[in-house]
Amino acid sequence: MVPSPTRVAALQGLGVPADRLDRLSAALRLPPRRPGSPAGEEFGASVLLLVGDAGAVEAPDFWQRPFGAWIEVASLSDAQIVEAARRAARADLFACVTTVTANRLHLAGRILNGLAALHPMPEAQRDDMELALHEAISNAVVHGNLQVEGMKGLSVEALERFSHDLAARMADPAFADRRIEVAAWLESACAVVEVADEGTGFARPERIDYGASGRGLDLIAAIVEELQLLDGGRRIRMRFPL
Amino acid sequence: MDYGIEDKEQETLVRLRGRLTFNDHAKLRALIREMLQNKAKRQVLDLSTLEFVDSAGIGMLLIAREEMANADKQLVLRSAAGQVKRVLTVAQLNKIVTIED
């Protein structure tokens with residue numbers, strides 16, 4: 001049987017100590033892949049990258065096939081990594097990273113590159129999907145994990161307050177180390193993408209007083225075929241027609 | 001996001017480059033300050049080399065518009081293309097801000 005091109009079939013470490021990688025490889029029953037080995041040919045499937053060095057993973061090479069899942073180690077225990085890897089196995093593309101890393105990587109663009117590699121699409125469609133995913137991730141980062149309120153009103157003061165709160169929370173590990181998880185998979189004639197955060201949840205208000213903030217969810221709704229808020233608003237599921 | 005400012009006879013032309021997202025709050029504050037300080041009434045943002053804008057970027061452009069209006073100046077968005085043009089359309093910004101091709 002030819003394995004699915006997105007089935008996670010090997011593990012690679014980036015800045016992860018060798019003994020820990022061996023331990024996780026055994027726990028996950030995934031063979032280790034050495035850096036620089038041929039691009040996935042030996043598996044015909046995708047590679048899970050365990051990211052110990054969040055700076056090094058900015059290189060575009062780590063976001064192309066055969067890589068299809070990314071888990072940033074940071075403060076996760078082995079058991080938590082194994083749990084995350086199980087969730088990764090259910091998706092075609094999967095990323096579980098800290099809030100700071102999600103923001104620094106421009107994660108939406110990278111996930112969209114991965115989706116476009118699995119299912120080629122016109123540029124305008126790719127742009128729309130990237131915007132919707134970027135808005136979902138931004139909401140998860142800013143309002144979910146960092147618990148920063150949007151800009152109220154249309155003044156420089158509102159912008160300054162937003163600036164100040166965002167910088168303070170991004171520098172506070174209690175907020176900035178919270179997780180952002182993105183899972184994407186292809187179904188017949190559509191792509192489903194979920195974004196989850198570890199914030200206090202969110203209920204979509206019936207009426208929004210637009211200041212400089214508040215447009216993100218409407219933009220998403222204008223683009224997607226279907227939008228669901230799950231887990232008390234900590235997880236958004238978007239369905240895109242393909 | 002980066003920007004360059006060019007003072008012309010009738011207007012100030014500001015060219016935005018790169019990505020305009022919620023991460024650019026400090027840059028936008030600096031830009032608004034500069035636009036308030038110069039003399040021209042017409043403050044034109046040239047978006048032709050802007051690659052990506054998000055809802056927070058739109059929000060910050062609306063703050064710029066409001067601040068210009070309070071100072072009796074006009075904000076104009078010009079030459080948006082690709083993704084940026086698409087977002088301005090989806091967000092129906094033409095109802096609030098002057099948009100030129």
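In this predicted model, the side chain of Arg78(B) makes a polar contact with the side chain of Glu11(B), at a distance of 3.4 Å. Arg78(B) belongs to strand β5 of chain B, which spans residues 74-78, and its relative accessible area of 19% places it among the buried residues, because the limit for that class is under 20%. Once residues up to four places away in sequence are set aside, the residues that Arg78(B) touches include Leu13(B), Val44(B), Leu45(B), Leu47(B) and Ser48(B), and there are charged residues on the list as well, among them Glu11(B), Asp46(B) and Asp101(B).

Two further residues touched by Arg78(B) are Arg42(B) and Glu100(B), and the side chains of these two meet in a salt bridge, with 3.0 Å from N to O. Glu100(B) lies in strand β6 (residues 98-100) and Arg42(B) in strand β3 (residues 42-46) of chain B, so the salt bridge ties together parts of the chain that are 58 residues apart in sequence. Neither partner falls in the buried class: Glu100(B) is partly exposed, with a relative accessible area of 26%, and Arg42(B) is also partly exposed, at 24%.

From chain B the path leads to its contact with chain A, to which chain B contributes 26 residues and chain A 25 residues. The area buried between the two chains is about 2,300 Å², and carbon and sulfur atoms account for 67% of it. On the side of chain B, the residues that lose the most area to chain A are Phe22(B), Arg29(B) and Ile63(B), which together make up 26% of what that side buries.

Polar and charged pairs also cross this interface. Seven residue pairs are in polar contact between chain B and chain A, counting pairs in which both residues are at pLDDT 80 or more, and the rule for salt bridges finds three across the interface. One of these joins Arg29(B) to Glu160(A), with the closest N and O atoms 3.9 Å apart; Arg29(B) is thus found both in this salt bridge and among the residues of chain B that lose the most area to chain A. Another salt bridge is formed by Arg19(B) and Glu130(A), whose closest N and O atoms are 3.8 Å apart. Because Arg19(B) lies in strand β2 (residues 11-20) of chain B and Glu130(A) in helix α5 (residues 123-145) of chain A, this pair joins two chains. Glu130(A) counts as buried, at 9% relative accessibility.

Which elements of chain B each supply at least two residues of the side that touches chain A? They are the helices α1 (25-37), α2 (55-70) and α3 (82-90), together with strand β4 (50-53). Of these, α2(B) gives the most, with nine residues. By residue type, the side of chain B that touches chain A divides into 14 nonpolar, six polar and six charged residues.

Over all chains, a search of the whole structure finds 25 salt bridges. Within chain A, the side chains of Glu58(A) and Arg104(A) meet in one of them, at 3.1 Å from N to O. This pair links distant parts of the chain, since Glu58(A) sits in the loop between β2 (46-51) and β3 (67-72), while Arg104(A) sits in helix α3 (residues 99-105), 46 residues apart. Both count as partly exposed, Glu58(A) at 32% relative accessibility and Arg104(A) at 40%.

Another part of chain A to examine is the loop between β7 (226-230) and β8 (235-241), where Gly232(A) has its place. At 51% relative accessibility, Gly232(A) counts as exposed, because that class begins over 50%. Its neighbours within four places in sequence aside, Gly232(A) is in contact with Gly201(A) and Phe202(A), and its C-alpha atom is separated by 8.3 Å from that of Thr200(A), which is 32 residues away along the chain.

The cysteines complete the tour. Cys96(A) is buried, with a relative accessible area of 3%, and Cys190(A) is likewise buried, at 6%. The structure nevertheless holds zero disulfides over all chains.

How values were computed: Residues are numbered from 1 along each chain as its sequence is written. Chains are lettered from A and ligands numbered from 1 in the order in which they are written. This is a predicted model: local features need pLDDT of at least 70, side-chain atom pairs count only at pLDDT 80 or more; totals for chains, interfaces and linings use all residues. Side-chain values use heavy atoms; hydrogens and water are left out. A disulfide is a pair of cysteine sulfur atoms within 2.5 Å. Buried means under 20% relative accessible area, exposed over 50%, partly exposed in between (1.4 Å probe, protein chains only). Contact means heavy atoms within 4.5 Å. Buried area is the accessible area (1.4 Å probe) that two parts lose on being put together, summed over both. A salt bridge is a side-chain nitrogen of Lys or Arg within 4 Å of a carboxyl oxygen of Asp or Glu. A polar contact is a pair of N or O atoms within 3.5 Å; within protein, one must be able to donate a hydrogen and the other to accept it, and residues adjacent in sequence count only if both atoms are side-chain atoms. Helices (H or I, at least four residues) and strands (E, at least two) are DSSP runs, numbered from the N terminus.
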